[in-house]
Amino acid sequence: MIRSLLNKFGLSGPAPDLSEIWVDRATYAVGDIHGRADLLDAMIARISEDAAATGDAAPRVVFMGDYVDRGDQSRQVLERLMDLPRETGWEVHCLRGNHEVMLAEFLADPERAAPRWFRNGGLETLLSYQVGGVGSDPETLRNVRDRLAERMGPVRGWLDGLAAKYSTGSVFFAHAGADPHQPIGAQSEQVLYWGVPAFLQIPRQDGVWVVYGHYISDTPQLVPRRIGIDTGAVFSGQLTAVRIDDGEVRFLTA
């Protein structure tokens with residue numbers, strides 16, 4: 001089964017041993033969305049169908065962060081995610097990604113944060129909120145920030161409440177993974193949001209499997225102690241999710 005999954009998604013190398021994966025209930029995780037509300041809607045439908053087929057009326061779904069920037073529909077993505085538990089009755093956990101961090105930094109200190117955020121897709125987020133007139137002088141940036149904050153409404157408070165991580169059983173979820181040199185309970189938020197090179201190079205030795213986004217790949221990654229699900233939705237048109245159960249890893253695409 002594992003070899004067929006590897007072949008299907010073009011993955012190479014030895015098949016990882018999934019026997020050490022255990023969770024308290026089947027859990028879905030969804031990769032980076034980046035303003036693609038159309039793909040988010042398609043994935044919600046895909047998960048709903050898949051969960052119904054397994055008899056799970058209210059699935060647990062973890063969203064891995066990077067909801068905003070680059071795509072054209074950041075506002076729609078945020079509002080849909082905020083309302084999703086009420087709309088569906090699902091158990092939903094939305095994590096913070098580095099792009100939500102950049103957005104929060106802009107709202108707190110636009111003069112300092114604007115250059116980096118604008119270079120990394122923030123302008124598209126502003127446009128999704130119909131905030132124009134962007135300039136580089138301090139007064140203009142503060143005005144842009146104020147208009148954005150007003151138009152975000154309750155989404156701003158929802159964003160402030162996003163968690164950096166989630167875990168169940170032997171599986172740990174964080175946007176940019178975890179430092180393999182540090183205990184899973186001692187990870188810094190800097191690493192969880194922005195990553196560390198060793199994460200992609202050194203498997204963890206404590207039996208913990210890490211599900212992550214952030215690092216774009218053409219196909220989902222299933223290697224020892226790592227499951228990567230950022231397939232670059234805004235560029236590729238493919239949003240990836242994974243369903244994890246005891247000893248089982250299965251990918252879904254939209």
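What follows is a short chat about strands, loops, aromatic rings and one helix in a predicted model.

Visitor: What kind of model is this, and how are residues numbered?
Guide: This is a predicted model, in which local features need pLDDT of at least 70, side-chain atom pairs count only at pLDDT 80 or more, and totals for chains, interfaces and linings use all residues. Residues are numbered from 1 along each chain as its sequence is written, and side-chain values use heavy atoms, with hydrogens and water left out.

Visitor: Start with β3. Which way do its side chains point?
Guide: They alternate along residues 91–94: V92 and C94 point to one face and are buried, while E91 and H93 point to the other and are not. Buried means under 20% relative accessible area, exposed over 50%, and partly exposed in between, with a 1.4 Å probe and protein chains only. Strands (E, at least two residues) and helices (H or I, at least four) are DSSP runs numbered from the N terminus.

Visitor: How many bridges join β2 to β3?
Guide: There are 4, and the two strands run parallel, with β2 covering residues 60–63. Strands pair if DSSP finds at least two bridges between them. R60 stands opposite E91 in β3.

Visitor: What does the chain pass through from β2 to β3?
Guide: It passes through helix α3, residues 74–88, and this β-α-β crossover is right-handed. Right-handed here means that, with the strands pointing away from the viewer, the path from the first strand over the helix to the second runs clockwise.

Visitor: What about phi at D69 and R70?
Guide: D69 has a phi near 75 degrees, and R70 has a positive phi of about 75 degrees although it is not a glycine. Most residues other than glycine have a negative phi. D69 is in the loop between β2 and α3, and R70 is found in that loop too.

Visitor: Is D69 buried or exposed, and why?
Guide: D69 counts as buried because its relative accessibility is 0%. R70 is partly exposed, with a relative accessible area of 30%.

Visitor: New topic. How many aromatic pairs are there?
Guide: The structure holds 8. Rings of Phe, Tyr and Trp (its six-membered ring) pair if their centres lie within 6.5 Å; planes under 30 degrees apart count as stacked, over 60 as edge-to-face and the rest as tilted. One of the pairs is Y67 with W158, which is tilted, at 6.4 Å centre to centre and 45 degrees between the planes.

Visitor: Where do Y67 and W158 sit?
Guide: Y67 is in the loop between β2 and α3 and W158 is in helix α7 (residues 154–160), 91 residues apart, so the pair links distant parts of the chain. Both Y67 and W158 are buried.

Visitor: And F199 with Y212, what sort of pair?
Guide: F199 and Y212 are edge-to-face, with 4.8 Å between centres and 85 degrees between planes. Both rings belong to buried residues. R226 lies over the face of F199, at 5.7 Å from the ring centre; the criterion is NZ of Lys or CZ of Arg within 6 Å of the ring centre and within 35 degrees of the ring normal.

Visitor: Last one. How many residues of α4 are buried?
Guide: In α4 (residues 98–108), 8 of the 11 residues are buried, including H99, E100 and F106. What covers the buried residues includes α5 (110–128), α6 (138–152), α7 and α8, where contact means heavy atoms within 4.5 Å.
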